[in-house]
Structure formats: C-alpha cells, structure tokens
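Here is a brisk tour of one protein model. Keep the sequence and the 3D view open while you read.

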Amino acid sequence: MTRALRLPLASRSAAFGAWLLACSVASVAHAQTRPAAGADTVALTEWDVPWGAADRPRDPSVAPDGRIWFVGQEGNYVARFDPASKKFERFEIDPGTHPHTVAVDPTGDAWYAGNRNGMIGRIDGKTGKITRYPMPEAAAKDPHTIAFDQKGNLWFTLQFSNMVGFLDKATGVVKLATVSTPRARPYGIVLDKAGRPWFNLFGTNKVGTIDPVSMRVREYVLPDERARGRRIALTTDGGVWYVDYSRGFLGRLDPVSGAVREWAMPGGATSLPYAMTVDDNDRLWFVETGSQPNRLVGFDPRSNGFIGITELGPRMPNTVRHMVFDPKTRSIWFGSDRGTIGRAVVPKAGIKPIG
C-alpha cells in the first residue's frame with residue numbers, strides 16, 4: 001500500500017550460495033493525501049514492505065540507479081525497492097546474519113552489516129553474487145552501521161563489541177580499533193572531508209573519531225553526563241551534530257575546540273530523537289520517536305531554529321531508526337517499524353551551505 005501525504009513544514013565466498021531473488025512484488029497504490037499549499041511543505045510517501053512489519057525494514061541506501069536498498073533485520077534479508085515501478089526485490093542471505101545496515105557504493109554494489117554473525121557482506125549489484133568478509137577477531141561480533149570514505153572503503157561500528165572497523169575495499173582486509181571507554185557502544189557513523197570517521201558512543205556521554213592512519217581513537221566528552229548520542233551528521237562548516245536520545249536534545253560539537261552547544265527538542269525530554277540526516281542546504285533533519293506518530297523535525301543552523309514538524313504515519317507503535325538524504329531528488333529515505341519504506345521530499349531552501 002502506498003501512502004502519500006503533503007504536510008506543512010511547520011507543523012550490509014560464495015560457499016553458501018550466490019543469491020536468490022525470492023520475490024518481486026508491486027505495491028498496491030492507495031494514496032492518502034492531506035492538502036497543503038506553498039513552498040514550505042514536506043511531501044511524504046510510504047510503501048508497505050510486502051514481507052511484514054515484524055521483519056523490521058530499516059536503514060535504506062540510495063543506489064546510483066535510484067533504487068533503494070534496505071535490510072529486514074529480523075526477517076534476515078536484504079532488499080531493493082524501485083520507486084519508479086513500485087516493485088520490491090528480496091535477496092536471501094546466510095541464516096543468522098540479521099543485517100543491521102546496507103550501504104550502496106558508487107559502483108552499485110550493496111554492502112551489509114551481519115549484526116549477529118560477525119561479518120560484512122557485499123552483494124554485486126549486477127550479478128547478485130555475495131562476497132563475505134568475516135571479522136578478524138572473535139570478539140568483533142556485531143557490525144552495526146556502515147559509512148564509506150572518499151576512496152570507497154568502509155568504516156563501521158560494532159556496538160556491543162565496543163569497536164570501530166575499517167574494511168579496505170581493494171584487499172578485503174579488516175582492521176579494528178577498540179574504544180577505551182568500557183561499554184561505550186559505538187553506534188551511528190559518518191565520514192568527514194579529511195576521511196576521519198565520527199561516531200556516537202551511545203553507552204556514554206561521548207562522541208568519538210579515529211585517525212585513519214594510526215587507527216587511534218579520540219573521544220570528546222559531552223558536558224552532561226546523562227547525554228547519549230545515537231545518530232550523527234556533519235555540516236559543511238565542520239560541525240559535528242548529534243541527537244541526544246536520552247535527554248531530548250540536538251547538539252553541535254566543534255571538533256577543533258571541543259565546545260558543545262545544545263538545543264532542546266520541540267518534543268521535550270521524552271522526544272527520544274533517533275534517525276538523523278543533513279540535506280544539501282546544511283539543514284539537519286531528525287525523528288522524534290517518543291511520540292506516536294513519530295515526527296520528522298528540521299533545524300536550520302543559520303537561525304538556530306526548528307523549521308517544522310511532520311507526522312510520520314498514523315498514531316501507532318513505530319520507530320524510525322535511520323535516514324539518508326538523496327540530493328538528486330531532495331528526498332529523505334527511511335524505514336519504519338510499522339513495515340514501510342518512506343520518502344520525505346524536502347523543499348529547497350534557496351540558501352547556500354554554511355561551509
């Protein structure tokens with residue numbers, strides 16, 4: 001089922017087998033629209049994933065051809081959605097993988113994190129062949145979120161292993177760095193212009209980064225000991241932004257001075273901000289998951305103000321855990337615990353990036 005709304009801004013070696021395309025299902029068109037006028041609108045559309053909400057479809061990634069890859073973490077699959085034809089394709093993977101994230105590289109290959117079997121997998125975007133990259137240490141059990149550097153190599157977090165990993169795409173070699181703070185829980189991850197990964201340390205009040213040459217971890221302490229950053233984003237001026245899931249704040253870390261500035265969420269202390277991304281105008285977007293329905297919220301760092309609230313779906317149990325912004329279509333893509341893949345088209349701001 002397709003749901004479309006227009007709402008005001010204000011308001012993861014082929015021993016196991018190559019691949020199997022299990023099914024290709026067209027979504028049923030059924031639109032629900034709320035009228036809105038003017039340029040300040042977010043156009044929201046959601047498509048029901050045909051394999052059920054209990055599979056937890058999540059962590060989408062936009063391929064060069066415009067198709068959207070995502071994973072069913074509990075359903076143990078990787079899938080692809082074509083927004084043009086409205087068709088879903090499912091790729092069967094090793095039992096027990098339970099992928100957490102998939103990220104598509106510039107060649108169209110899809111890399112997924114084997115969250116429960118300690119591996120990174122790569123699906124050839126043309127042939128569907130799977131290549132497996134096991135972790136080099138038994139202690140590295142749970143690859144989590146993936147990000148690419150400028151050379152197409154992978155950086156990824158391992159939350160409960162308390163590590164961050166690096167996979168050299170050319171050699172397949174995996175290196176691991178252990179976070180010094182116990183139970184720090186590395187979580188969301190992004191790469192800056194210098195090729196340094198930045199990541200949340202969800203188990204403590206810190207943000208981390210790694211020197212890509214020495215693999216040395218540096219930790220930045222956030223002022224409030226209750227702070228728990230869950231997702232992270234970068235603006236073009238070098239600012240490191242995070243959502244504080246525990247306290248209901250948006251925060252900015254200056255990577256040079258270490259200074260932190262925070263803004264209370266519109267939904268307050270119980271807003272539980274989770275998914276986060278940044279658009280091509282350096283506006284931050286995140287989801288308050290403490291409310292039902294979840295709410296997409298924007299923030300403009302120029303005015304230091306929240307620029308809108310958009311309800312995501314009906315009033316029922318739901319969590320949006322990860323989002324990506326596609327500048328070609330000005331679309332934020334997300335998966336939801338309600339069993340949907342969603343797209344929120346945000347308006348062009350008519351302003352330049354701040355960097």
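## Thr 277 and its surroundings

Thr 277 has a relative accessible area of 9%, which is under the 20% cut-off, so Thr 277 is buried. The model is predicted. Thr 277 sits in strand E24, which covers residues 273-278.

What does the side chain of Thr 277 reach at 3.4 Å? The partner is the backbone nitrogen of Phe 325. Phe 325 is also among the contacts of Thr 277 when neighbours within four places in sequence are left aside. The others in that list are Ala 233, Arg 283, Leu 284, Trp 285, Met 323, Val 324 and Ile 332.

## The chain overall

The protein chain holds 30 strands and zero helices. It has 355 residues, and 58% of them are buried. The accessible surface is about 14000 Å². Carbon and sulfur atoms account for 53% of that surface.

## Ile 68 in strand E5

Ile 68 belongs to strand E5, residues 68-72. Its relative accessibility is 0%, so Ile 68 counts as buried.

Ile 68 and Arg 80 lie 12 residues apart in sequence. Their C-alpha atoms are 5.4 Å apart in space. Arg 80 is also touched by Ile 68, with residues up to four places away in sequence not counted. On those terms Ile 68 also touches Pro 60, Ser 61, Val 62, Ala 79, Phe 81, Pro 83 and Trp 333.

## Backbone features in loops

Where is the cis peptide bond between Gln 292 and Pro 293 placed? Pro 293 is in the loop between strand E25 (284-288) and strand E26 (294-300). Omega for the bond from Gln 292 to Pro 293 is near 5 degrees.

Asp 282 is not a glycine, yet its phi is positive, about 65 degrees. Asp 282 lies in the loop between E24 and E25. With a relative accessible area of 2%, Asp 282 is buried. Met 215 also has a positive phi, near 60 degrees, and is a residue other than glycine. The loop holding Met 215 runs between strand E18 (206-210) and strand E19 (217-221). Met 215 is buried, at 15% relative accessible area.

## The second largest pocket

Met 215 is one of the residues that line the second largest pocket. The volume of this pocket is about 220 Å³. Its lining has six nonpolar, three polar and three charged residues.

Asp 149, Lys 151 and Lys 175 are in the lining. So are Gln 150, Asn 153 and Gly 195. Trp 155, Phe 166, Ala 194, Pro 212 and Val 213 line the pocket too.

Terms used
Residues numbered from 1 in each chain as written. Predicted model: local features only at pLDDT ≥ 70, side-chain atom pairs only at ≥ 80, totals over all residues. Heavy atoms only, no water. Helix = DSSP H or I, 4+ residues; strand = E, 2+ residues; numbered from the N terminus. Buried < 20%, exposed > 50% of the residue type's maximum accessible area, 1.4 Å probe, protein only. Areas by Shrake-Rupley, 256 points an atom, 1.4 Å probe, with all protein chains shown as cover. 1 Å grid on protein atoms, 1.4 Å probe; cavity = no way out; pocket = protein on both sides within 12 Å on 5 of 7 lines; lining within 4 Å. Points joined across faces, edges and corners; volume = space filled by probe spheres on them. Nonpolar A, V, L, I, M, F, W, Y, C, P; charged D, E, K, R; others polar. Polar contact = N/O pair within 3.5 Å; in protein donor to acceptor, adjacent residues only side chain to side chain. Contact = heavy atoms within 4.5 Å.
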